[in-house]
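Grab a pencil and try a few exercises on the structure below. Each one comes with a worked solution.

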Amino acid sequence: HPPFTNSAIVEPSPDVRDWFFGPFARSKKGILFLSGHAHTFEHFTEGGKTELVIGGGGGLLQPLLQEPERPFRATTSEVNGKFHYIIVHTSGQQLRVEIRVVTSNRAIVNADRVIDIPFPGKEHR
């Protein structure tokens, strides 16, 4: 279960938030936390850390709660409602996360959305 989600079906896990996301958030080197289980896409930024819910690889896609019922503020959920997967590239300066969407005719939309996450200490270089 994801530590944060606005899924209308799957609840966020306080245990995952405490046991896994907490140490990750306190780490100096951790920059990307991935989770699934909620069949949706969500992008959260918490304390300079990035968390992605990437549950769009199979099964029935799930709706998100509507405002104001959402317990967490997501950075984006624009690929929600579409099957998707990610590809992560690394460079000396950052991680580049490409979200790729699979359309209804099974075509793949390359880099429907890109999230660049700078490595610690590389933000201003």
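What follows is a set of three exercises on strands, rings and cores.

This is a predicted model, in which local features need pLDDT of at least 70 and side-chain atom pairs count only at pLDDT 80 or more, while totals for chains, interfaces and linings use all residues. Residues are numbered from 1 along each chain as its sequence is written, and side-chain values use heavy atoms, with hydrogens and water left out.

**Exercise 1.** Work out how strands β4 and β5 are joined.

*Solution.* Start with the elements: strands are DSSP runs of E with at least two residues, helices are runs of H or I with at least four, and both are numbered from the N terminus. Two strands pair if DSSP finds at least two bridges between them. Here β4 (residues 83–90) and β5 (residues 94–102) run antiparallel and are joined by eight bridges. Pick Tyr-85 to check one: its bridge partner in β5 is Arg-100. Finally, the connection from β4 to β5 is a hairpin through three residues.

**Exercise 2.** Find the ring partners of Phe-4 that sit in β2 and in the loop between β3 and β4.

*Solution.* Rings of Phe, Tyr and Trp (its six-membered ring) pair if their centres lie within 6.5 Å; planes under 30 degrees apart are stacked, over 60 edge-to-face, and the rest tilted. The structure holds seven such aromatic pairs. Take Phe-44 to begin with: its ring centre is 6.0 Å from that of Phe-4 and the planes are at 45 degrees, so the pair is tilted. Phe-4 lies in the segment before α1 (14–26) and Phe-44 in β2 (residues 41–46), 40 residues apart. Next comes Phe-72: with centres 5.1 Å apart and planes at 80 degrees, Phe-4 and Phe-72 are edge-to-face. Phe-72 is in the loop between β3 (49–54) and β4, so this pair ties together parts 68 residues apart in sequence. Both Phe-4 and Phe-44 are buried (under 20% relative accessible area, 1.4 Å probe, protein chains only), and so is Phe-72. Now zoom out: ring pairs link Phe-4, Phe-21, Phe-24, Phe-33, Phe-44 and Phe-72 into a cluster.

**Exercise 3.** Which element gives the most to the largest nonpolar core?

*Solution.* A nonpolar core is a set of buried Ala, Val, Leu, Ile, Met, Phe, Trp, Tyr and Cys residues joined through side-chain atoms within 4.5 Å. The largest has twelve residues, including Leu-95, Val-97, Ile-99, Val-101 and Ile-117. Two or more residues come from β5 and from β6 (108–118), and β5 gives the most, with four. A second, separate core of ten residues includes Val-16, Phe-21, Phe-33 and Ala-38.

Definitions and conventions:
Buried < 20%, exposed > 50% of the residue type's maximum accessible area, 1.4 Å probe, protein only.
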